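Good morning, colleagues. I should like to take you through a few local features of the structure now being shown, beginning with a pocket and ending with the cysteines.

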Amino acid sequence: MISVHDADPAGAVGRLTVFRREFHRCLTARGDALFELTDALLCGDAPVRSLVELSLVGEHRRGHGSLYAALNRGRLDVDRLRTALASVPVPRAADGRIVLAVDVTCWLRPEAHTSPQRVLCHTYGRGKDTHIMIPGWPYSLVTALETGRSSWTAPLDARRLTPGDDIASVTAGQLREVVQRLITAGQWRPGDPDIWIVADAGYDGPRLAFLLADLPVQLLVRMRSDRVLRRRAPLERTGNGRPPRHGGEFIFGDPASWGDPDSATTTPTRLYGTATARAWNRLHPRLTHRTAWTSHTATLPIIEGTVILLQVDRLPSGASAKPVWLWWSQPEATTAETDLLWQAFLRRFDIEHTFRMLKQTLGWTSPKLRDPHAADRWTWLVLAAYTQLRLARGAVADLRRPWERPAPPERLTPARVRRGFRHLCSKAGNPACAPKPSRPGPGRPPGLRNRHPAARHDVHIVTAATSTKPKGDTKKTKNSNNPRPRRTG
């Protein structure tokens, strides 16, 4: 059962009306044009392919010139909008806790040579294990996950990664602000279960747990299959010298080093067959004064956690099922927690449905905007539109196609809710003022060359001048024939 489904349509319309008014107050310059652009985004009949087509929607009462002018010269109070998103009821797990997922998705701009602050974004090619780096704007999104199978999430924050950003530090700051806003909005109170944060292998789980140790959060992060962790140091001291800080090695690729698990579960599933999860308590990485820990002057901490190995019989796609390694920020996990953690990690993939909805239906990456700040404004408009779809989820009728199966109100997808939003928009009200009659400007006279060409910007690439590596570190790495060297932390 969906935890955020509202059986009272009148209550859903009331919350939608409140959010629309607060969203209009967040638009501080050219607010009416930006608000109607968002309504056109919600009430369109087809997926968004370009911005100019939105000016033809009936809810957009202004010309196409005001549309571009609003994105390029409008103003948006981002902090107030973030607070409004945190105040909207967020979905919760079956035990009442909030589960957040963080991931990075890219707005690819390979041919936008006049757009600044582009970086090389990691994308997957069409071939197997093919990785391509394409220039674009990467965005870090934090969403709240629902329980059960669903294509809905609740986006709470978005932040564009600028050239030279440390993804661990930026993500830690972003998660800290999101959690603090949830606490301020009353979504989490003392005595409630800790908030779970789920992330993929691109994040350094122990470092995030260290940076967020003062918050009521627990992290569940996937690790690469070539990692090497350490056990707790033995209590008995053998021999002379300094006592050891680390115990024996736990090598992910060597089953002989695992030992007996502290807990294990076996669960039959419909899609994956038999899912087996084994957990080993109190494992930590061996940290060194390199990379992110270079500026850490004090003694490096011992960050203990629980390692969970998930193995399934098959995958729905038919591909070979590889083992999945998870790291939990708590030192110990019970059998019930182990079974719940790997299922919570599988819910992280719901954020991919949100990315697909934002890009393919709402047209988040369709506009060819030059200014990255205009791209940020458009991003927040898209997130506000998605939030309105989530609030209208229990109040719209199912306008299904003849070839689609009927679905109960609590099982409608975001795209099917968007079809009926136009009929709900009139009930929710429109705080935007009517447009004033005006004439378009003369523009540049025909035959006159552009005397102010746009500046061209190179793609940010990590070089010796932009690298965060200390200048005195000139040690050359040793060449190896092994394409995947063993990691030690």
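The lining of the second largest pocket is made up of five nonpolar, six polar and five charged residues. Please bear in mind throughout that this is a predicted model.

How much space lies in the second largest pocket? The volume comes to about 350 Å³. There are 16 lining residues, and those closest to the centre of the pocket are Arg30, Arg62, Gly63, Ser66 and Ser438.

Which helix gives the most to this lining? That is H4, with four residues. Helix H4 spans 64-73, and helix H2 spans 31-43; each of the two supplies at least two residues of the lining.

Let me stay with Arg30, which is among the residues closest to the pocket centre. On the chain, Arg30 sits in the loop between strand E1, residues 27-29, and H2. The backbone deserves a remark here: the phi of Arg30 is positive, near 55°, in a residue other than glycine. Is Arg30 buried, exposed or partly exposed? Its relative accessibility is 42%, so Arg30 counts as partly exposed.

A second residue belongs in this discussion of the backbone. Gln117 is not a glycine, yet it has a positive phi of about 60°. Gln117 is placed in the loop between strand E3, residues 99-108, and strand E4, residues 119-124. With a relative accessibility of 31%, Gln117 counts as partly exposed.

I turn finally to the cysteines. How many disulfides does the structure hold? The number is zero. Consider Cys106 in this light: the nearest cysteine sulfur belongs to Cys121 and is 3.6 Å away, and Cys106 is in no disulfide. The cut-off matters for this reasoning, because a disulfide requires two cysteine sulfur atoms within 2.5 Å. Cys106 has a relative accessibility of 15% and therefore counts as buried.

Cys433 is likewise in no disulfide. For Cys433, the nearest cysteine sulfur is that of Cys425, at 15 Å. Where Cys106 is buried, Cys433 is partly exposed, its relative accessible area being 49%. The upper limit of the partly exposed class explains that label, because a residue is called exposed only over 50%.

To close, I return to two points. Arg30 combines a positive phi with a place among the residues closest to the centre of the second largest pocket. The cysteines, for their part, form zero disulfides in this predicted model. Thank you for your attention.

Note on methods: Residues are numbered from 1 along each chain as its sequence is written. This is a predicted model: local features need pLDDT of at least 70, side-chain atom pairs count only at pLDDT 80 or more; totals for chains, interfaces and linings use all residues. Side-chain values use heavy atoms; hydrogens and water are left out. Buried means under 20% relative accessible area, exposed over 50%, partly exposed in between (1.4 Å probe, protein chains only). On a 1 Å grid over the protein atoms alone, a cavity is a set of points where a 1.4 Å probe fits but cannot get out, and a pocket is an open set with protein on both sides within 12 Å along at least five of seven lines; lining residues have an atom within 4 Å of a point. Grid points are joined across faces, edges and corners, and a volume is the space filled by probe spheres set on the points. Ala, Val, Leu, Ile, Met, Phe, Trp, Tyr, Cys and Pro count as nonpolar, Asp, Glu, Lys and Arg as charged, and the others, Gly among them, as polar.
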